[in-house]
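The following report covers a helix pair, some loop residues and one further side chain. The sequence and structure come first.

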Amino acid sequence: MKFQSVRGTHDILPAEAAQFHQVESAARNVFERFGFEEIRTPTFESLSLFHRSLGETTDVVEKEMYAFEDRGGRKLALRPEGTAGVVRAFVEHHLDQIRPFCKLFYIGPMYRAERPQAGRYREFWQIGAESFGNASPAADAETLLLVQTLFDSLKIKDFQLKINSLGDEKCRPLYRRALTEFLEKEKSNLCEDCRRRMVINPLRVLDCKIDGPRLGGLPTVDAYWCDECRSHFDSTRNLFEKAGGRFVFVPKLVRGLDYYSRTVFEVTADISGAQDALAAGGRYDGLVKDIGGPNMPALGFALGMERTVEAWKASQGESAPGRHRLVFIAAQAPEVIAEAFQLLEELRLDQVLRDASIDIEGGFFEKKLGAQLSIADRLGASHCVIVGQDEIRSNEVTLRSLKTSSQERIPRARLISRLIE
Ligand code: HAM
């Protein structure tokens with residue numbers, strides 16, 4: 001019997017894990033500068049939390065949830081995204097009472113039973129951030145700037161930040177009505193999905209791959225914004241632009257989750273053959289209250305790690321980060337295994353070597369010296385340090401270059417500085 005990873009999941013092998021790590025550390029760096037602190041919430045929550053926060057009629061809730069009953073008959077679901085859980089934790093632990101505002105980030109796996117394809121998985125990783133307690137357009141501009149800074153710091157080429165405002169509970173219903181009236185007239189031209197969407201969630205028609213681009217003359221939300229929403233969006237744009245923001249206004253931009261109000265945005269990049277949405281987010285001023293918390297404005301975003309790593313790799317080209325160098329420790333005879341082992345562990349923990357990105361490997365001391373050298377070679381080591389009885393007597397080691405096969409005896413005390421040379 002042969003096992004394989006489950007459809008839609010994937011193993012992150014060491015080479016890719018290192019790339020994930022690069023993206024994560026760039027993100028942690030930017031979060032720190034913008035004053036965000038890390039939060040870790042469970043990978044599963046009550047099913048009703050997601051129904052309540054993401055919207056009953058969204059694709060994620062209707063078709064993509066990994067919902068299950070546990071042994072106690074509780075209805076649970078693997079989290080399809082991070083916002084709902086973070087908001088739940090924010091409310092549960094009364095984080096609003098600790099500070100006037102609160103900025104949190106998270107890194108973790110999410111689960112959606114979507115049809116897998118390049119860049120679309122059933123288990124995927126997100127890096128996200130949520131900030132609570134600031135209703136000002138400055139908070140929207142700051143989140144946009146954070147997102148831009150993050151993708152800039154990864155040197156992702158040609159990403160595009162698209163922004164829009166979905167209005168609020170006052171003006172969005174007017175837009176919804178106008179859109180529904182328009183769609184009624186076009187009903188016979190709509191795809192089957194959109195005929196259903198038209199009734200339950202008409203804004204999603206704008207997002208439809210078939211009907212979205214095809215329908216001419218669709219009303220757009222900007223014509224229906226109330227004065228407050230218009231002024232909020234104008235200020236957001238102005239502040240962002242003044243701080244060096246680069247964006248395009250896309251009045252047809254909508255999101256697949258229902259909790260958004262006012263500002264929404266999406267980051268796209270051209271990754272060949274894969275999904276192009278790298279990140280998305282926006283303001284969700286009603287959500288905290290909706291799930292039983294105080295009336296508290298909030299906003300955030302999340303990026304998809306797999307897609308961001310793809311875009312990052314494509315943008316790296318020749319400037320890929322330098323590889324670590326490797327030095328291998330070998331023993332010449334069974335009598336010196338203890339000394340060789342001691343040297344291996346000493347060098348491995350040495351801070352000077354670590355700072356110089358020199359990795360240490362070894363530990364195959366029972367094998368013949370030739371076999372140890374061949375392992376070193378296959379690992380791509382540049383040098384081998386050979387510990388022998390003679391060397392021990394004179395407090396020396398032999399340093400062998402695996403490229404040139406030349407070797408020299410050097411005092412043990414000079415080994416580290418010689419390796420760095
Ligand atoms: P979202 O647009 O559903 O928003 O997802 C954000 C990002 O997660 C997407 O742009 C994409 O890069 C990645 N992603 C989504 N689904 C998949 C998948 N099946 N496979 C691979 N990557 C995927 C949210 O999740 C919101 N919680 C964002 C947010 C935070 N809004 C406010 N705060």
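Helix 5 passes helix 9 in a right-handed crossing, where right-handed means that the near helix is turned clockwise from the far one by less than a right angle, and left-handed anticlockwise. The two helices, of which helix 9 covers residues 227-242, pack at an angle of about 45 degrees with their axes 8 Å apart. Axes are lines fitted to C-alpha atoms, for helices over the stretch in contact, and angles run from 0 to 180 degrees between N-to-C directions. Helix 5 and helix 9 are therefore oblique to each other; angles under 35 degrees count as roughly parallel, over 145 as roughly antiparallel, 65 to 115 as roughly perpendicular and the rest as oblique. On the helix 5 side, the contact (heavy atoms within 4.5 Å) is made by Pro137, Ala138, Asp140, Ala141, Leu144, Leu145 and Gln148, and on the helix 9 side by His232, Ser235, Thr236, Leu239 and Phe240.

The model is predicted: local features need pLDDT of at least 70 and side-chain atom pairs pLDDT 80 or more, while totals for chains, interfaces and linings use all residues. Residues are numbered from 1 along each chain as its sequence is written, and side-chain values use heavy atoms, with hydrogens and water left out. Helices (H or I, at least four residues) and strands (E, at least two) are DSSP runs, numbered from the N terminus.

Helix 5 has 17 residues, 137-153, and should span 24 Å at 1.5 Å a residue; its end C-alpha atoms are 24 Å apart, which agrees. The expected span is 1.5 Å times one less than the number of residues. At the N-terminal end, Ser136 caps the helix, with a side-chain oxygen 2.9 Å from the backbone nitrogen of Ala138. Among the buried residues of helix 5 are Leu144, Leu146, Val147, Leu150 and Phe151. Buried means under 20% relative accessible area, exposed over 50%, and partly exposed in between (1.4 Å probe, protein chains only).

Just after helix 5, Lys155 takes a positive phi of about 55 degrees. Two loop residues other than glycine also have positive phi.

| Residue | Phi | Loop | Relative accessible area |
|---|---|---|---|
| Asp158 | near 55 degrees | between helix 5 and strand 7 (160-165) | 70%, exposed |
| Asn395 | near 60 degrees | between helix 15 (389-393) and strand 15 (396-401) | 56%, exposed |

Ile375 lies in helix 14 (residues 369-379) and is buried, with a relative accessible area of 16%. Leaving aside neighbours within four places in sequence, Ile375 is in contact with Phe328, Phe364 and Lys367. Ile375 and Ala330 are 45 residues apart in sequence and 10.0 Å apart in space, C-alpha to C-alpha.

Notes:
A polar contact is a pair of N or O atoms within 3.5 Å; within protein, one must be able to donate a hydrogen and the other to accept it, and residues adjacent in sequence count only if both atoms are side-chain atoms.
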